[in-house]
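Reader: Hey, got a minute to walk me through this one? I'd like to get my bearings before I go back to the bench.
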Amino acid sequence: MKLVIQREQLMKPLQAIIGVIDRTQTLPILANVKCVVSEDEITLTTTDLEIELTCAFPHIPLEQGATTFPARKLFDILKALPSGIEVQIEVGSDSRATITAGRSRFTLSCLPIDEYPVSDHLEFDKTLTLPKNALRKLIEQVAFSMAVSDVRYFLNGLLLDVSGVELNAVATDGHRLSVSYYQLPESSELQQQLIIPRKGVEELLKLIENESAPLHLELSTNHLRVELGSIVFTTKLIDGKFPDYRRVVPPLGDKIIVADRQGLIDGLVRASVLSQDKFKGIRFTISDYLLKLQVNNPEQEQAEEEVEVNYQGEGFATAFNVSYLIDALKALDDDMVRLSFTAPNSSCLIQNSDNDNVRYVVMPMRL
């Protein structure tokens with residue numbers, strides 16, 4: 001294999017797919033990027049056995065071939081070279097790659113391509129189409145609620161629930177729940193729930209552009225594949241039964257607080273300065289037109305904030321994890337937000353004030 005290529009032409013696609021490589025992997029081949037050089041294009045592939053990213057771009061080589069390069073080392077070399085420089089790469093029969101650029105010369109040890117895991121045999125029998133920016137927003141609005149290393153492995157991901165004309169994105173860590181709703185442009189006749197693993201969600205968000213061009217989700221029982229320009233994203237799905245989120249989302253309560261979103265966020269952030277790192281409790285005391293926020297910590301320190309709100313009714317007090325409230329409020333996009341309660345000690349339903357295309361449920365705490 002032999003080619004001469006401009007630094008940026010190789011570095012940019014490698015940068016787009018290198019994030020899937022786990023620095024703590026145990027199989028040496030998974031630290032490598034698969035490189036197939038054909039007559040008129042180069043195809044790069046990275047994988048961690050759960051997620052696979054493939055990028056193909058046009059290039060006419062001096063000599064065709066295929067190998068696997070140590071991905072991080074190759075990227076670091078390209079990153080260190082001057083912009084616009086031509087890079088010559090030659091792989092010999094001894095599986096060693098020589099990289100030459102200007103007066104720089106590097107030799108890398110490659111691994112055989114036949115050891116690299118492949119997913120070419122996957123078959124996708126269903127397709128779901130929606131705008132790129134719609135899927136991006138749907139995922140962004142709930143992704144922060146995914147669990148991290150929970151023993152209930154199905155919570156360490158994001159649920160996409162497609163049912164006819166509706167596509168919902170759902171995430172929960174057991175203490176809070178986020179649901180985003182989207183009406184599909186056309187009825188899909190699909191009835192399927194798929195749980196995308198956390199790392200897959202993070203990589204997908206890096207790749208989806210914020211534009212209205214259509215995006216095709218290819219589905220199978222165990223995998224999801226998305227073509228994003230020159231990059232093909234494939235991920236295994238988590239095999240598990242996601243909780244029935246529809247039963248968890250409470251109805252609109254009779255205790256409704258309407259507040260300025262940014263003003264409430266600012267008050268919560270200031271009060272949270274004195275909260276503990278692990279124990280982020282904040283007390284809500286609600287009365288007519290006033291929300292009092294209180295935080296106490298073991299050092300006998302206290303923070304108090306008062307926020308003007310639109311609320312009339314019987315006063316009550318409750319408590320929540322302040323980080324969960326801030327995350328939910330930051331994800332909304334209206335100037336005004338609505339917090340509703342069915343009872344003083346019930347969960348809190350957080351929504352935009354004038355639409356319900358996204359709903360956040362935060363469970364109360366005991367202080």
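Reader: Quick one to start: how many disulfides does the structure hold?
Author: Zero. Keep in mind that this is a predicted model.

Reader: And C55, how far away is the nearest cysteine sulfur?
Author: The nearest one belongs to C35 and is 11 Å away, and C55 is in no disulfide.

Reader: Is C55 buried or exposed?
Author: C55 counts as buried because its relative accessibility is 3%, and the cut-off for buried is under 20%.

Reader: What about C110, why no bond there with C35?
Author: C35 has the closest cysteine sulfur to that of C110, but the two are 9.1 Å apart, which is too far for a bond. A disulfide here needs the sulfur atoms within 2.5 Å. C110 is also buried, with a relative accessible area of 8%.

Reader: OK, zooming out. How many helices and strands does the protein chain have?
Author: Seven helices and 24 strands. The C-alpha trace spans about 80 × 50 × 35 Å along its principal axes.

Reader: And what share of the residues is buried?
Author: Of the 367 residues in the protein chain, 50% are buried. The chain exposes about 18100 Å², and 47% of that comes from carbon and sulfur atoms.

Reader: What does UniProt say about residues 1–118?
Author: An unreviewed entry there annotates them as "domain: DNA polymerase III beta sliding clamp N-terminal". In the model, that stretch is 18% helix and 42% strand, with its end C-alpha atoms 21 Å apart.

Reader: And which feature does UniProt place at residues 246–366?
Author: That one is "domain: DNA polymerase III beta sliding clamp C-terminal", again from an unreviewed entry. The span is 20% helix and 40% strand, and its end C-alpha atoms lie 25 Å apart.

Reader: Let's do sheets. In what order do the strands of the eight-strand open sheet run?
Author: The order is β5-β2-β3-β4-β16-β15-β14-β9, with antiparallel pairing. The edges are β5 (65–70) and β9 (126–131), each of which pairs on one side only. Neighbouring strands are turned by 20° against each other on average, ignoring direction.

Reader: Which helix packs on it at β5?
Author: Helix α2, residues 71–80, touches β5 and also β2 (32–37). The direction of α2 makes about 85° with that of β5.

Reader: And which helix touches β9?
Author: Helix α3, residues 132–140, packs on the sheet there and touches both β9 and β14, with its direction at about 90° to that of β9. Those two strands are themselves an antiparallel pair: six bridges join β9 to β14 (residues 214–219). Within that pairing, L128 stands opposite L217.

Reader: Which residues of α3 are buried?
Author: K132, A134, L135, R136, L138 and I139. Their cover includes β9, β10 (157–163), β11 (166–172), β12 (176–183), α4 (198–207) and β14.

Reader: You mentioned β10. What does β10 have to do with β13?
Author: They run antiparallel, joined by seven bridges. One facing pair is V162 and Q192, the latter in β13.

Reader: How much of β13 is buried?
Author: Strand β13, residues 191–197, is mostly covered, with five of its seven residues buried.

Reader: Switching again: what's the strand order in the four-strand open sheet?
Author: That sheet goes β20-β19-β18-β21, with antiparallel pairing. Strands β20 (302–308) and β21 (316–321) are at the edges with a single partner each, so one side of each has no neighbour in the sheet. The twist averages 20° from one strand to the next.

Reader: How many bridges between β18 and β21?
Author: Six, and the two run antiparallel, with β18 covering residues 281–287. I286 has F316 in β21 as its bridge partner.

Reader: Which helix touches β18, β19 and β20?
Author: Helix α6, residues 261–271, packs on the sheet there, and its direction makes about 175° with that of β20. Helix α7 (residues 322–331) lies across β18 and β21, running at about 85° to β21.

Reader: Last one: what share of the contacts is between residues 24 or more positions apart?
Author: Among contacts in the protein chain with a separation of 6 or more, such residues account for 66%.

Conventions:
Residues numbered from 1 in each chain as written. Predicted model: local features only at pLDDT ≥ 70, side-chain atom pairs only at ≥ 80, totals over all residues. Heavy atoms only, no water. Pairing = 2+ DSSP bridges. Axes fitted to C-alpha atoms, helices over the stretch in contact; angles between N-to-C directions. Contact = heavy atoms within 4.5 Å. UniProt positions renumbered as here; feature names shortened; annotations may be inferred. Buried < 20%, exposed > 50% of the residue type's maximum accessible area, 1.4 Å probe, protein only. Areas by Shrake-Rupley, 256 points an atom, 1.4 Å probe, with all protein chains shown as cover.
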